[in-house]
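Here are my notes on this one, as numbered points. Have the viewer open while you go through them.

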Amino acid sequence: MLLSHLPRVKLVQGPTPLEFLPNLTQLLNGPEIYIKRDDATGLATGGNKTRKLEFLIGDALAQGATHILTQGATQSNHVRQTIAAANKFGLKTSVLLEQRVGDATDEYYNNGNLLLDEILGASSIEVLASGTDMNAALVEKAKVLEAQGERPYIIPGGGSNAIGALGYVSAAIELINQLNHLQLNPTHLIHATGSTGTQAGLLAGIAATHSHLPVLGISVRAEKSKQEENVYQLTRATLEHLGLDSKLISREKVVANSDYVGEGYGIPTPSMIEAVQLLARTEGILLDPVYSGKGFAGLIGLIRQGYFTKNDRVIFLHTGGAVGLFGYRTTFSHTSAYRL
Ligand SMILES: *Cc1c(COP(=O)(O)O)cnc(C)c1O
């Protein structure tokens, strides 16, 4: 499948590594566990949004935009990577941040991604109350910028539309090439799913190349049926954007598990804390508290429930976000949920 006719900029330092996790595999006594290091995409501490931004910034430049507009939660990894990507191509940015996590600490509101947003230097960072219709707020903001003579380009939350998802179509092709090269035949691909672009892009890429690799998204926010429906719709839209038949994806291939959300988006859970500590202490790899920590908690939980056999080979896609840990210092200091 050809992606080369689509507008794109180069941001990702890749292919990102695909690594075996020997210590964790042995400790959990379950399937072989591998990790695809999309935390190491290289842009301002990296993460999965970098792949989407290759196509989104490419499209913005093709349309003659001068100003990128986007939104996210206070500790948004997407917003951080968007400002960095726009800076690299001489575009201004305005961002809207939703105070989605109530009752958070000072660090949550000042450190981690927000500190990096400020260093990266958006033209404006506006903080809006929880529950604001953020995409509607973006449209309003775009009108204000247009009146000032700017040519705004709106990137939806998480960069999750049919253009952003192309980043994960491309990632699926990259992963399939690595697997062929290593002669590794995985039985599952697991990752944290939120705004859906990552899972939709992966599913579209896997379907379009007629590869057999089941994908499981561990939800960080929405309940299972809603998350699956949203992923399904974006997968179809992504295939159509590529000029392919949307029927390539069947509804039952879209699978999400919402058992690891806990009380809500961005709210720590004991299993997330354990997952972050466990991967750090066995393999020296840092997850994040909002997405990959809950995603990895899902992998650990499913292994303990006997969801996999010992002959299975599971790839966890690490989507990044570790700088978010600095927004959650009190969650991790003095905790000893896991001891080797
Ligand atoms: C945004 C994000 C995700 C979720 O990806 P979606 O494409 O929004 O589903 C997972 N992990 C991290 C670290 C993220 O920032």
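1. The lining of the largest pocket leans polar: by class there are 23 polar residues, eight nonpolar and seven charged. Bear in mind that this is a predicted model, and that totals for linings use all residues.

2. As for volume, the largest pocket holds about 700 Å³ of space. Its lining runs to 38 residues, and those closest to the centre are Arg-100, Gly-157, Gly-194, Ser-195 and Arg-221. If you want to colour by element, α2, β3 (67–73), α3 (77–88), α6 (134–147), β7, α8 and α9 (224–241) each put at least two residues into that lining.

3. Where does the ligand sit? You'll find the ligand in the largest pocket. The shell around the ligand counts 17 residues, with Lys-49, Lys-52, Ser-195, Thr-198 and Thr-319 coming nearest. By class, twelve residues of this shell are polar, three are charged and two are nonpolar. Three elements each give the shell at least two residues: α2 (49–62), β7 (188–193) and α8 (197–208).

4. Now the polar contacts, which are worth putting distance labels on. Ser-195 uses its side chain, with an N or O atom there 2.5 Å from an oxygen atom of the ligand. Gly-194 brings a backbone N or O atom to 2.7 Å from a ligand oxygen. For Gly-197 it is again a backbone N or O atom, at 3.3 Å from an oxygen atom of the ligand. On its own the ligand has 370 Å² of accessible area, and the protein covers 99% of it. Note that Gly-194 and Ser-195 also turn up among the residues closest to the centre of the largest pocket.

5. How many cavities of 30 Å³ or more are there? The count comes to one, and its volume is about 50 Å³. Lining this cavity are Lys-36, Asp-38, Tyr-168, Ala-171, Ala-172, Leu-175, Leu-189, Leu-202 and Leu-317. Helix α7 (residues 166–182) supplies the largest share of that lining, four residues. By class the cavity lining has seven nonpolar residues, two charged and no polar ones, whereas the lining of the largest pocket includes 23 polar residues.

6. Two backbone details to check before you set anything up. The peptide bond between Gly-14 and Pro-15 is cis, with omega about 0°. Pro-15 belongs to the segment before β1 (18–20). The other detail is Ala-44, which has a positive phi of about 45° despite not being a glycine. You can find Ala-44 in the loop between β2 (32–37) and α2. That helix, α2, is one of the elements giving at least two residues to the shell around the ligand, and α2 does likewise for the lining of the largest pocket.

Technical notes
Residues numbered from 1 in each chain as written. Predicted model: local features only at pLDDT ≥ 70, side-chain atom pairs only at ≥ 80, totals over all residues. Heavy atoms only, no water. 1 Å grid on protein atoms, 1.4 Å probe; cavity = no way out; pocket = protein on both sides within 12 Å on 5 of 7 lines; lining within 4 Å. Points joined across faces, edges and corners; volume = space filled by probe spheres on them. Nonpolar A, V, L, I, M, F, W, Y, C, P; charged D, E, K, R; others polar. Near = heavy atom within 4 Å. Polar contact = N/O pair within 3.5 Å; in protein donor to acceptor, adjacent residues only side chain to side chain. Areas by Shrake-Rupley, 256 points an atom, 1.4 Å probe, with all protein chains shown as cover. Sits in = over half its atoms within 2 Å of the grid points.
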